[in-house]
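Welcome! Please take a look at the sequence and the 3D model below, and then we can walk through some of its parts together.

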Amino acid sequence: MFQSTKIALPSDDKRWKIVDATMRRHGYVPSSLIEALHSAQEAFGFLDETALRFVSASLHVPPSKVYGVATFYHFFTLKPPGKHTCVVCTGTACYIKGAPALLQALEKNLGIKQGETTADGEISILTARCLGSCGLAPAVVFDGQVAGKVEPAAMLERIQDVTGFREVDIVKPVTFG
Ligand code: FES
């Protein structure tokens with residue numbers, strides 16, 4: 001009988017554990033490919049080569065097939081379109097602790113909606129369902145770095161610092177509550 005070997009997680013980023021748990025729940029069967037890709041996209045906001053290869057190896061599905069499926073369905077995104085990405089976790093813990101306020105602040109200040117990129121290609125707002133850091137809720141991943149207990153004002157400042165945002169003025173963080 002076919003024995004599946006456990007594939008090492010690509011890094012110690014906790015989000016890989018979430019993707020792995022999804023595949024494990026489905027018994028690492030090749031037919032769970034779409035589920036696995038959804039899980040990876042929800043965790044990271046998009047599917048990069050590392051994610052595609054990890055899913056491919058874990059489910060014993062050839063990379064060509066994984067790429068084929070990931071590029072065929074419009075709901076999968078292979079690359080964050082913006083130069084910088086801000087992924088806001090909208091999982092339950094983060095939602096309760098203020099993710100909607102973070103999203104509203106971003107959308108209002110950058111003038112774009114989640115899933116969109118600013119006109120100058122500078123920054124994309126993405127969402128993920130759970131980043132595996134619920135103790136840090138609300139969590140945001142900015143350019144691959146997880147930040148916890150994020151306040152709207154601090155998040156906007158960080159964006160301004162990193163992007164040197166010019167075209168859209170970040171006037172004032174919105175306050176909630
Ligand atoms: S719900 Fe946001 S990290 Fe888990």
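Two strands pair if DSSP finds at least two bridges between them. Helices (H or I, at least four residues) and strands (E, at least two) are DSSP runs, numbered from the N terminus. This is a predicted model, in which local features need pLDDT of at least 70, side-chain atom pairs count only at pLDDT 80 or more, and totals for chains, interfaces and linings use all residues. Residues are numbered from 1 along each chain as its sequence is written.

**Strand β1 and its partners**

With pairing defined, we can start at strand β1, residues 84-89. β1 and β3 (140-142) pair in the antiparallel sense over 3 bridges. β1 also pairs with β2, in the parallel sense over 6 bridges. One residue to look for is V87: its bridge partner in β3 is V141, and its bridge partner in β2 is L126.

Is β1 enclosed or open? A residue is buried if 20 or more other C-beta atoms lie within 10 Å of its own, exposed if 12 or fewer, and partly exposed in between, with C-beta atoms placed from the backbone. Strand β1 is largely enclosed by the rest of the structure, because 5 of its 6 residues are buried.

**Helix α2 and its surroundings**

Next comes helix α2, residues 33-44. Its 12 residues reach 16 Å from the first C-alpha to the last, close to the 16 Å expected at 1.5 Å a residue; the expected span is 1.5 Å times one less than the number of residues. Helix α2 is mostly covered, with 9 of its 12 residues buried. Among the buried ones are L33, Q41 and F44. The cover of these buried residues includes α1 (15-25), α3 (49-59), α4 (63-72) and β2 (123-128). After α2 comes G45, with a positive phi near 90°.

**How α2 meets α3**

Two packed helices are described by the angle between their axes and the distance between the axes. The axes of α2 and α3 come within 10 Å and cross at roughly 145°. Here axes are lines fitted to C-alpha atoms, for helices over the stretch in contact, and angles run from 0 to 180 degrees between N-to-C directions.

Which residues make the contact? On the α2 side they are L33, A36, L37, A40 and F44, and on the α3 side A51, V55 and L59. Two residues are in contact if their C-beta atoms, placed from the backbone, lie within 7 Å. The contact residues divide into 8 nonpolar, no polar and no charged. For this count, Ala, Val, Leu, Ile, Met, Phe, Trp, Tyr, Cys and Pro are nonpolar, Asp, Glu, Lys and Arg are charged, and the others, Gly among them, are polar.

Helix α3 has its own buried residues, including A51, F54 and L59. Their cover includes α1, α2 and α4.

**Backbone details in the loops**

Finally, look at two residues with a positive phi that are not glycine.

| Residue | Phi | Loop |
|---|---|---|
| H60 | about 55° | between α3 and α4 |
| K149 | near 45° | between β4 (145-147) and α7 (152-163) |

H60 counts as partly exposed because it has 13 C-beta neighbours inside 10 Å. K149 is partly exposed too, because 13 C-beta neighbours lie inside 10 Å.

Another loop holds a special peptide bond: from A137 to P138 it is cis, with omega near -5°. P138 lies in the loop between β2 and β3.
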